[in-house]
Every structure is written in C-alpha cells, then in structure tokens.
Amino acid sequence: MTDQWWKQAVVYQIYPRSFADADGDGVGDLRGIIGHLDYLAGLGVDVLWLSPIYPSPQDDNGYDISDYQNVEPLFGSLETFDELLAGVHERGLKLVMDLVVNHSSDEHPWFVESRSSIDNPKRDWYWWRPARAGMEPGTPGAEPTNWGSAFGGPAWEYDEKTGAYYLHLFSKKQPDLNWENPEVREAVYAMMRWWLDRGVDGFRMDVINMISKDPALPDGKLPTGRAYADGSASYIDGPRIHEFLHEMHGEVFQGRTSLLTVGEMPGVTVDEAIRYTDPVREEVDMVFQFDHVWADRGPDPWLLMPLQLTMLKAIFGRWQAGLAEVGWNSLYWNNHDQPRVVSRFGDDGAYRVESAKMLGTVLHLHRGTPYVYQGEELGMTNAPFRSIEDFRDIEALGQYADAVTKEGRSPEEVLTVLRANGRDNARTPMQWDASPQAGFTTGTPWLAVNPNHTEINAAAAVADPNSVYHHYRKLAELRHTEPAVVAGDFTMLLPNDERLYAFTRRLDRTELLVIGNFSAETVRAEIDDAAAWAAAELVLTNTAAPSDELTLGPWQAVVYRRVLSW
Ligand code: NOJ
C-alpha cells in the first residue's frame, strides 16, 4: 500500500475571489485567506484546495492563466503565498493548487509567440488549423470543425495574422495547449516541480481528461435546434491520456511522498476511472467525476429537471461498486461550477438547516474523499439573481447570448434555468457575518453578497452548536475516527425508494447504517433488521433521534453503528 493518507482526509475548496477580501478592492485575496485559517482548522478539514491564484486576465476568473509561476496581483504576491503556505502547514493542514494545463490564457507568452507567425518555434504548442476546405477563412461556418465551446459560440477562433484558427474548448481567451508536443509536456512538468519544491502538497487538475485529443479532429453530430455540435468524443479520455498522466507521474511525482493528485474529469466512465486511479498504473490518486451532478440535467440544457432520487442513487451505487476493489473517487455536491446543493437537492426554506446537514451526512458517509466547498458548511443557498446583468460568469453570459440570440429562446425561460443552475450561485461572497457586505469586503464586492447573510453566516454558525458548520465538523471527525467510514464496503439499500437514501458500510465487524430522508414527509425505512438497527448506537443525526425505530422526520439523517458478533 502506498501512502494513501488522503483516503481519511476531508478537502476544503477555496475560491479565492469570493472567500475574503483583506484590502477592500471587492475581490478576495491571499491575505484574506490567511485571516481565516483558524476557522478552517476549527472545521477539522485536512486539505485546502485553492482555485487558481496565478496571473490572469480573469476572463474565466483565473482559469485562464497568463503566468504559471507567479501570483495574480489582485490576490497578492509570491511572498504572501509563502506566508499562507507556512500558515497552512503550521496548522497541520495541506495545500493543493489548481493546475490548469488543458489550456492557457491567450495572453500567456507561449500563445503570444505561437500566434505571431506560422514558423514560430511555439506555433505547434497550440492547436492551429486552416479553414474548412472550400470555405472563405473567417466566415461563418468556415471553422475547422462544427464543435461548440463550453461557454457558447464555436470552439475555434480565427486569427487574421496568420489566416488560421486555434482551438479553444472553453473561452476564446483559453486556447488549448497541444500535449502531442513533448516540449509542452516538459514545460508543464517543470512548472509543477517548481511548485512542489516551494512546498505545495499536490494538484487538482482542471479538465485533465481532455488534454489528449484525436489529432484528426473530426466533426461532431449536430443536435437538432442547437447551433454547435459536441466534439467531446475526440477529447474526453483521448487516445494518449493514460500515457500522458503516467509520464507526468514519473516526471513530477516520483520519489515525492504525502501528496494528493485529483483529476477533474468530465464525462469519465467508471472503467476509465479505475485505470486513472489504480495505484499500480501511477497516474492520479483520485478522479473528480460528474455523473451525479448531471443527474438533474437532461439533453436540453434549457429544460429544468426535478431530481429523481432513484437515479441519483443508481449513479452513486454504480461508482461505489465500480471502485470497490481498485481506484478512488472524490465525493462532492458543490464546487465553484455547481449551484448550491441545499437549493438544488434540499430545501433552502423551512428545512434549510436540516436538509443541508442531511445532504452532508449522506455524501460524507460514502466511500471516497469528501470535498467541502466554501459556504457549504454554512448551508449557503443559491442567490436571488434578478436579471442577466446580475450575473458575472462567462459561461452564463455566453450561454444566454447563444440561447436568446442564436436559438431564439425567451430571455425569461433562459433566466429561469440560469437562476437554478448558474455557476455564479456558488461564487457569491462567503458570508462571514451579518454586517452589510457579510464581512467579505469593506469595498464593493465583485459579485453581490446574498441578502440572506444576515441570517446565514459563519459567526452565527460557529456560535451555534446545532449549526450546519458543527455538523460538518462532526462529519470530518467521524471520518478521522471511524475506519469503516474510510475503508468499509458499501451496500445500497432501498434502491427504488424516491424519498429515502439508505446504505450500509462494513469493515470487519463494524457496520454503519446511513439513512437520509430527501423529503419533507415522515417516512419509515422498511429495511431488514430495522428493530435491531434502531437499538444500535446512534452515532450522528441532524434532528432528534427517530421516535419509532427507523421512522425519519422531514429531511432527517441518521448514522447508526453496530458491532457484529461473528
Ligand atoms: C473546469 C473549471 O472547474 C471551470 O471553472 C473552468 O471554467 C473550466 N474547467 C475551464 O478551465
């Protein structure tokens, strides 16, 4: 067994822009994070993952990097970073950096060189292609493929200087790096070693299963009514992906210990995830997959779908079974790309506190490494966006433009979906206290603070022993103290129940029973052995103990433990 400390760890994600602003410019910064390290240590998490803090034009809030080896002045400096890292380590925590190397910024010197002429030595560091055969370069439809970009519009940008197009799966300010070129790979590995030598404890790798593309770049199938096709068959888990990640492991991680590597992998299958995370193959420690957060998304992005609990359970069940013997998964409800889970799968009204705790309990008791996204531990909710002017996210703005102007949808229809699903829901400033800007900034925040901060905030939550915060603290503590949470087998119960999420975990003689009520009704759990379980030790609940054996109140969660005699 290699050094797999991260199986017992809880990761906390910080989105620096929205966490804490120490200098009053309305944007969070490193000094702001330093000021809250004791809060994070108090929550009992083990690892902090920082969303990108590198110099960036901020087209996609830092996921467009123009210098991989420095700190964005908005956030601080390398000196402040070193201070932050020391503060993290002093508290016994670890710090994981975001690694965004599927693409750079178009303002990165590599791309500036690449676009300067067709014979520049860095020309081949990005994906350049001529216009579609027989078409006039730069005219609509002349793009080399029919792929859409994630943020609306085509995935290709015409560059007049050299009369060619470059590929950008995300914004046109995020050109895709060409990993086929060994010089690109060497430059990335050298940069990663530089951060590890500085003391960081690993990397969260942004869309890392997209770095290997089929060099033929074929057209995708165009869905009816949509402006662009999905090209992902050519770049998700592409032809050389395992080779690249194994090479990275050898070049960067070999001989270093106690690190964490997690690959963000949209569209990854269970079988591929096993390959990515089988320790023998030396690629990454764990995947960060998306199937469960796509459970309430259908083929039409502009149609809101209610959650079907049975479908969510089937997805989790499939992943738990698939990685039972080999491989490791991340567990998350929230991150900076997802709406707030209490608004999405819980009840952000009358049962906000109960449902936030229930959702945390169910998630953290699975097998895998749990991730807490800033504010999730407070039960922060989606934001009340009024019009498109209230949004800042490039994805929301781009999708709105495509849907309204190119696809002829009504603005209100599109807004309804963005209000529910938009990424800015996760990015409203962290709610520290009840003061006018929630204690986030003394200036004007870059994205409006949620008005409910007067009630939902860290100061109130830390002071209240029954808060969501203290429940999340107990969840981290349980993972640290109960080996069955980390290593127990997983068995799904009641797969056809639309209200209860129930499962057991078993390690040697210890067995845990976890049940979460995803409804506001009182529901009895019809499981085998109910009477015996009801008499077992109640390790954790979010309300009073169930009154009648396993009858759960609205949004209740229970964790029971028993020790079996052989
Ligand atoms: C995934 C990141 O989580 C998201 O925020 C970003 O927009 C894209 N990758 C592009 O880097």
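**Notes on the predicted model**

1. Let me start with a small polar detail: the side chain of Q289 comes within reach of the backbone nitrogen of D291, at 2.7 Å. This is a predicted model, so take that distance as computed from predicted coordinates. Q289 lies in the loop between β9 and α8 (309-322). A second polar contact of the Q289 side chain, at 3.4 Å, goes to the side chain of W319. Apart from residues up to four places away in sequence, Q289 touches M265, V268, W319, N329 and Y332. Is Q289 buried or exposed? Q289 is buried, because its relative accessible area is 3% and the cut-off for buried is under 20%.

2. Next, the sheet that β9 belongs to. Eight strands make up an open sheet, paired in parallel and ordered β9-β8-β7-β3-β2-β1-β11-β10. The edges are taken by β9 (286-288) and β10 (330-331), each of which pairs on one side only. Going in from the β9 edge, three bridges hold β9 and strand β8 (residues 260-264) in a parallel pairing. If you want to check the register there, V287 in β9 is the bridge partner of G263. Helix α3 (residues 78-90) packs on this sheet, where α3 touches β2 (47-50) and β3 (94-99). The directions of α3 and β3 make an angle of about 135°.

3. Have a look at the charged pair inside that sheet. R204 and E264 form a side-chain salt bridge, 3.2 Å from N to O. The two residues are 60 apart in the chain, with R204 in strand β7 (residues 202-205) and E264 in strand β8. Both R204 and E264 are buried.

4. The other salt bridges deserve a quick tour. The model has 43 salt bridges by the rule used here. In one of them, R409 pairs with E413, and the closest N and O atoms are 3.5 Å apart. R409 counts as buried because its relative accessibility is 18%, whereas E413, at 32%, counts as partly exposed. Another joins the side chains of R499 and E521 at 2.5 Å, N to O. That pair spans 22 residues: R499 is in the loop between β12 (489-493) and β13 (500-507), and E521 is in the loop between β14 (510-517) and β15 (523-524). Both partners fall in the partly exposed class, R499 with 33% relative accessibility and E521 with a relative accessible area of 42%. There is also a network, in which salt bridges with shared partners connect D60, D337, D393, E395, R423 and R427.

5. On to the nonpolar interior. How many residues does the largest nonpolar core have? It has 146, and Y12, F81 and M192 make the most contacts inside it. Helix α5 (residues 182-198) supplies the largest share of this core, seven residues. There is a second, separate core of 17 residues, with Y165, V207, Y235 and I394 among them. To see the surroundings of F81, display L30, L50, I53, V71, L95, M97, W195, R198 and V200, its contacts once neighbours within four places in sequence are left aside.

6. L245 is another residue to inspect. L245 sits in helix α6 (residues 241-253). With a relative accessible area of 0%, L245 is buried. Its contacts, leaving aside neighbours within four places in sequence, are I208, M265, Y276, E282 and E283. One of these, E282, is 37 residues away along the chain, and the C-alpha atoms of L245 and E282 are 8.0 Å apart. M265 turns up here as a contact of L245, and M265 is touched by Q289 as well.

7. Finally, the three-stranded sheet. This open sheet runs β4-β6-β5 with antiparallel pairing. Why do β4 (128-129) and β5 (156-159) each have one side without a neighbour in the sheet? They stand at the edges, each with a single partner strand, so one side of each is left without a neighbour there. Strand β6 (residues 164-167) and β5 are joined by four bridges and run antiparallel. For a register check in this sheet, L167 in β6 is the bridge partner of W156.

Notes
Residues are numbered from 1 along each chain as its sequence is written. This is a predicted model: local features need pLDDT of at least 70, side-chain atom pairs count only at pLDDT 80 or more; totals for chains, interfaces and linings use all residues. Side-chain values use heavy atoms; hydrogens and water are left out. A nonpolar core is a set of buried Ala, Val, Leu, Ile, Met, Phe, Trp, Tyr and Cys residues joined through side-chain atoms within 4.5 Å. Buried means under 20% relative accessible area, exposed over 50%, partly exposed in between (1.4 Å probe, protein chains only). Contact means heavy atoms within 4.5 Å. Two strands pair if DSSP finds at least two bridges between them. Axes are lines fitted to C-alpha atoms, for helices over the stretch in contact, and angles run from 0 to 180 degrees between N-to-C directions. A salt bridge is a side-chain nitrogen of Lys or Arg within 4 Å of a carboxyl oxygen of Asp or Glu. A polar contact is a pair of N or O atoms within 3.5 Å; within protein, one must be able to donate a hydrogen and the other to accept it, and residues adjacent in sequence count only if both atoms are side-chain atoms.
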